[in-house]
Amino acid sequence: MNETRRVLIAADKFKGSLTAVQVAERVTAGLRRVVPGVEVEALPVADGGDGTVDAAVAAGFERREIRVAGPLGQEVTAAFALRGDTAVVEMAEASGLQRLPAGVFAPLTSSTYGSGELLRAALDAGARTIVFGVGGSATTDGGAGMLTALGARFLDADGEPVPPGGGGLAELARADLSGLDARLSEVELVLASDVDNPLTGPKGAPAVYGPQKGASPDDVATLDAALAHFAKVLEAAVGPRAAEHAAAPGAGAAGGIGYGALLLGARFRPGIEVMLDVLGFAPALERASLVITGEGSLDEQTLHGKAPAGVAAAARAAGKEVVAVCGRLALPEEALLRAGIGRAYPLTSVEPDVAKCIADAGPILERVAARIAGDYLG
């Protein structure tokens, strides 16, 4: 393997340890420790969840910051990314779990209003295509908060706005979408997500993801009933498409904000596919002879639309060799090979102590990358 090799690093974040940008920096440093002159191209990736704006900025988008409402109504500084007339908006920037105070959950009352404010800011900035990355939400409000920020009205029997959050939708009597921002009909809105759940039911947003947001079994039942009621009231307002969207793949993404986005006319696409397009992955892949992907945990979930699986599938289709780095590896070799990953290098292969791997992920990842250089670039 002595021919000149060009390495493309297209890895996601190691959640809680390293951002996708830091992963690329550490892998580059480790490779160059063994092969100083190796050509490396870094393209940090994300699948639509948290870290999506950072990945876009690393690929050359401009970072724009604005003040919006957080999930509990408190003001937060959130960012979106813009290049030309394409914007990348990440709902977790405004309405993500990381926006809640430590140890605080609000499954019934947290709202996506700030996500709607981010979309409005992208429209104000002149965006004609908006990639709306959803995931990592603190919310289960079906996108009602987002729609409110964009001009919709959700009223109780007395004609008053219902309280924020999924729980408040139980009081909904009438939905009025006539005041929605007119610019929404002129943009291409792409719903980028790695989950294809419907809005309600056993595979719906409350049942599957509610417990991660602090919802008790009673809360899950309350939210499921409230979101089903929300869809029923919307059916009276906009017709049968409200019910069709509720059952559609992606409606349950990020606490049902996918449903709200579908009502706005969004097209649902797997998050990693959208992001690879937006980030310019295809030309970078063409230039590479070895692709290094990865994320914090390579496990069963990875195979269902997470970034490394998307990168590996595209690389395999182009006939490129792929290896992966990860914090922990919970997939057998045959599953990796089926996904298009020739070999995986977990941090635990050089440091068995998991706590150390989390605390010192950067230096350990450099050592792992040095091993890859020895195996593939020597």
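Here are four short exercises on this structure, which is a predicted model.

**Exercise 1. Check the length of helix α4, then work out whether it is enclosed or not.**

Step 1: Helix α4 covers residues 113–124, which makes 12 residues. The expected span is 1.5 Å times one less than the number of residues, so α4 should span 16 Å.

Step 2: Compare that with the model. The end C-alpha atoms of α4 are 17 Å apart, which agrees.

Step 3: Now look at burial, where the cut-off is under 20% relative accessible area. Gly114, Ser115, Gly116, Glu117, Leu118, Leu119, Ala121, Ala122 and Leu123 of α4 are buried.

Step 4: With 9 of its 12 residues buried, α4 is therefore largely enclosed by the rest of the structure.

Step 5: Follow the chain just past α4, and you meet Gly126 with a positive phi of about 95°.

**Exercise 2. Trace the chain from β11 to β12, and give the handedness of the crossover.**

Step 1: Start with the pairing. β11 (residues 290–298) and β12 (residues 321–329) are parallel and share 8 bridges. For a landmark, find Glu295, which sits opposite Cys326 in β12.

Step 2: Between the two strands the chain passes through helix α12 (residues 307–317), and this β-α-β crossover is right-handed.

Step 3: Carry on to β13 (residues 343–346), which runs parallel to β12 and is joined to it by 4 bridges. Here Val323 stands opposite Arg343 of β13.

Step 4: This time the chain goes by way of helix α13 (residues 333–339), and the β-α-β crossover from β12 to β13 is right-handed.

**Exercise 3. Lay out the open sheet of 6 strands and find its edges.**

Step 1: Write down the order, β3-β4-β5-β6-β9-β10, with mixed pairing.

Step 2: The edge strands are β3 (62–69) and β10 (267–270); each has a single partner strand, so one side of each lacks a neighbour in the sheet.

Step 3: Going from one strand to the next, the twist averages 30°.

Step 4: Zoom in on β3 and β4 (residues 75–83). They run antiparallel, with 8 bridges between them, and Arg64 has Phe80 in β4 as its bridge partner.

**Exercise 4. Which strands do helices α9 and α10 lie across?**

Step 1: Take α9 (residues 253–263). It lies across β6 (129–133), β9 (188–193) and β10, and runs at about 160° to β9.

Step 2: Then take α10 (residues 271–279). Its strands are β4, β5 (86–90), β6, β9 and β10, and α10 runs at about 90° to β10.

Key: Residues are numbered from 1 along each chain as its sequence is written. This is a predicted model: local features need pLDDT of at least 70, side-chain atom pairs count only at pLDDT 80 or more; totals for chains, interfaces and linings use all residues. Side-chain values use heavy atoms; hydrogens and water are left out. Buried means under 20% relative accessible area, exposed over 50%, partly exposed in between (1.4 Å probe, protein chains only). Two strands pair if DSSP finds at least two bridges between them. A crossover is right-handed if, with the strands pointing away from the viewer, the path from the first strand over the helix to the second runs clockwise. Axes are lines fitted to C-alpha atoms, for helices over the stretch in contact, and angles run from 0 to 180 degrees between N-to-C directions. Contact means heavy atoms within 4.5 Å.
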